[in-house]
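User: Hey, can you walk me through this model? I'd like to start with the surface and then poke at a few sites.

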Amino acid sequence: MSKSIRVKLKERSYDIIIEYNALNKASDHLNNFISNRKCFIVSDSNVFPLYGREVISAVFKASGINPDYYVFDAGEKSKNLQTVENIYHAVLKSELDRSSVIIALGGGVVGDIAGFVAATYMRGIDYIQIPTTLLSMVDSSVGGKTGVDMPEGKNLIGAFWQPKLVLIDNSVLKTLPSREVKGGLAEVIKYGVIFDLIFFDKINDNIEYINSMDAEFYSYLISSCCRLKAEIVAKDEEEHGLRAILNYGHTFGHAIEKIAGFGAYIHGEAISVGMLMAGELACQLNMMDRDQLNKIIAVLKKLDMCVKAEGITGAAMLKAMKSDKKTKRDNVCFILPRDIGNVEIISGVDRNLVIKAIKKFS
Ligand SMILES: NC(=O)c1ccc[n+]([C@@H]2O[C@H](COP(=O)([O-])OP(=O)(O)OC[C@H]3O[C@@H](n4cnc5c(N)ncnc54)[C@H](O)[C@@H]3O)[C@@H](O)[C@H]2O)c1
Ligand SMILES: [Zn+2]
C-alpha cells in the first residue's frame, strides 16, 4: 500500500511517498518530475552496489535519458567540502544545467551532501530524495536542511533547500545493519516523546513487530514520523522557534558524539542516551514525573537500544554543549519533556543539575 504525505510550503510544497517495493516502480513515481530532464544520481559505496542499478533503470525509463552518477566512500567522514567539490566537477562534466535534477540515493550523509550540491549548483537546481536508512526516512530527507561538516564541527556549512519529492521504499531496510536500524528508532521514539503519547504507546505495545522488522509496522512508523515532521516544517521551515523542539535529546546527544569522538557512538545511539539525560533533568526540575522517564527507559531497553554513555564526564559534556552551534552566548538550551508527548524549551538551568543528569546515564 502506498501512503502519501504533503509537506505544505506554498510554492515549495512536495510529497513524501512511502511504499514497500517502491523502487520496483520508481519510474512511475519519478515520471512527473524528471521526464525529458537530465538526472544525476549521488550515492555511497554501500548503497549504490545494492540499489544503484534499479534506480538507474527507473530514471532512464522515466526521463528518457541515461543518468550519470557519483559514488563516494560511505560514512560521515565523506560529508565535507571536498566531496562537494568532487561532485561539482562530476556534474559539470555531465553538463548538468539549470533544468537538471539531482537524485540522492542513500542515508542522511548522501541526502545532506546531494541536497547541498543541488542548493548551490548554478544557484540551485531540483533534487529528489530516495532515503535508504531509517534515520533518513523519518528525519533527514524531510525538511530541506542540507549541508556538510567542517573540521571544527558538524553541519557548519549548509543551506535550506527543499526537495521536489521524497520517495521512501522501506523494503531497503532489510539490508540496513541492525545497529543503524536502532539508531533510526531513537529518532522515531523522539517523535513520540515530543508530540504524541498515543504514538509512543503504540511503539511500546508493538515491540515484537519492531524487533522482527515487520514491514507494515515500519511503514506505519515512518509515515507517522513524516507526518509529524511535515507539520512542524510547514509551521517553521527555517527553525526560528518551533522546529527546535525536534532537537529533543540532541543537546546532550551531540555533546556525547563529540567527546566520544565522532563514530564511537552512531548518531542515534547518542540521541537515545541524550533523551534519557534530558528526561532525568526534567525529573530533577520537577517538570516530569519519574514514572514517565521509567517508561521511556523501558521502551529503549526492550528495543535493545543504547541507554548509557560509559565514561563520559559532566564537565566535558558542558564544555561541548557550550560550543554547540545552537548555543547562544553560553546559554545552553534544553528541550525537556513535561510528559510523554509534550516538551518545552528551557534555558538557564543550574549546571550542577545538568551534571547530575549526565552522571545518571554515563
Ligand atoms: N538534514 C537533516 O535534517 C538531518 C537530520 C538528521 C540527521 N542528519 C544527518 O544525517 C547523517 C546521518 O544519516 P544516516 O544515519 O542515514 O547515516 P549514513 O548515511 O552514513 O548511513 C549509515 C550507514 O548505512 C549504510 N546504508 C544506508 N542505507 C543502507 C541500506 N539500505 N542497506 C545497507 N546499508 C545502508 C550507509 O552506507 C552507511 O554506512 C548525519 O550526517 C546527520 O548530520 C541530517
Ligand atoms: Zn538526530
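User: What does the accessible surface of the protein chain come to?
Analyst: About 15600 Å², and 50% of that belongs to carbon and sulfur atoms. Areas are Shrake-Rupley with a 1.4 Å probe, and for residues only the protein chains shown count as cover. Keep in mind that this is a predicted model, where local features need pLDDT of at least 70, side-chain atom pairs count only at pLDDT 80 or more, and totals for chains, interfaces and linings use all residues. Residues are numbered from 1 along each chain as its sequence is written, chains are lettered from A and ligands numbered from 1 in the order written, and side-chain values use heavy atoms, with hydrogens and water left out.

User: How much of the protein chain counts as buried?
Analyst: 56% of the 362 residues. Buried means under 20% relative accessible area, exposed over 50%, and partly exposed in between, with a 1.4 Å probe and protein chains only.

User: And what radius of gyration does the protein chain have?
Analyst: 20 Å, which agrees with the value near 21 Å for a compact globule of 362 residues. That radius is taken over C-alpha atoms, and the globule rule is 2.2 Å times the number of residues to the power 0.38. The C-alpha trace spans about 60 × 40 × 35 Å along its principal axes.

User: How many helices and strands?
Analyst: 14 helices and 11 strands. They are DSSP runs numbered from the N terminus: helices are H or I with at least four residues, strands are E with at least two.

User: OK, metal time. Which protein donors does the zinc ion (ligand 2) have?
Analyst: E187 through OE, plus H250 and H267, each through NE2, at 2.0 to 2.1 Å. Donors here are N, O and S atoms within 2.8 Å of the metal (3.2 Å for Na, K and Ca), and since water is not among the atoms, sites may look incomplete.

User: How are those donor residues spaced in sequence?
Analyst: The pattern is E-x62-H-x16-H. E187 sits in helix α6 (residues 178-195) and H267 in helix α11 (residues 267-284), so this pair ties together parts 80 residues apart in sequence.

User: Are E187 and H267 buried or exposed?
Analyst: Both E187 and H267 are buried.

User: Switching topic: where is S223, and what is it in contact with?
Analyst: S223 is in helix α9 (residues 215-235). It counts as buried, at 2% relative accessibility. Leaving aside neighbours within four places in sequence, S223 is in contact with K3, I5 and I18. Contact means heavy atoms within 4.5 Å.

User: And D68, buried or exposed?
Analyst: In between: D68 is partly exposed, with a relative accessible area of 29%. D68 lies in strand β4 (residues 68-72). With neighbours within four places left out, its contacts are K38, C39, F40, I41 and S94.

User: What about G107, where does it lie?
Analyst: G107 is in the loop between β5 (101-106) and α4 (108-120). G107 is buried, at 10% relative accessible area, and beyond its neighbours within four places in sequence it is in contact with T132, T133 and S136.

User: Last one, backbone stuff. What is phi of D304?
Analyst: Near 55°, a positive value in a residue other than glycine. D304 is in the loop between α12 (290-302) and α13 (314-322) and counts as exposed at 54% relative accessibility. E239 also has a positive phi, of about 55°, and is not a glycine; E239 is found in the loop between α9 and α10 (250-260).
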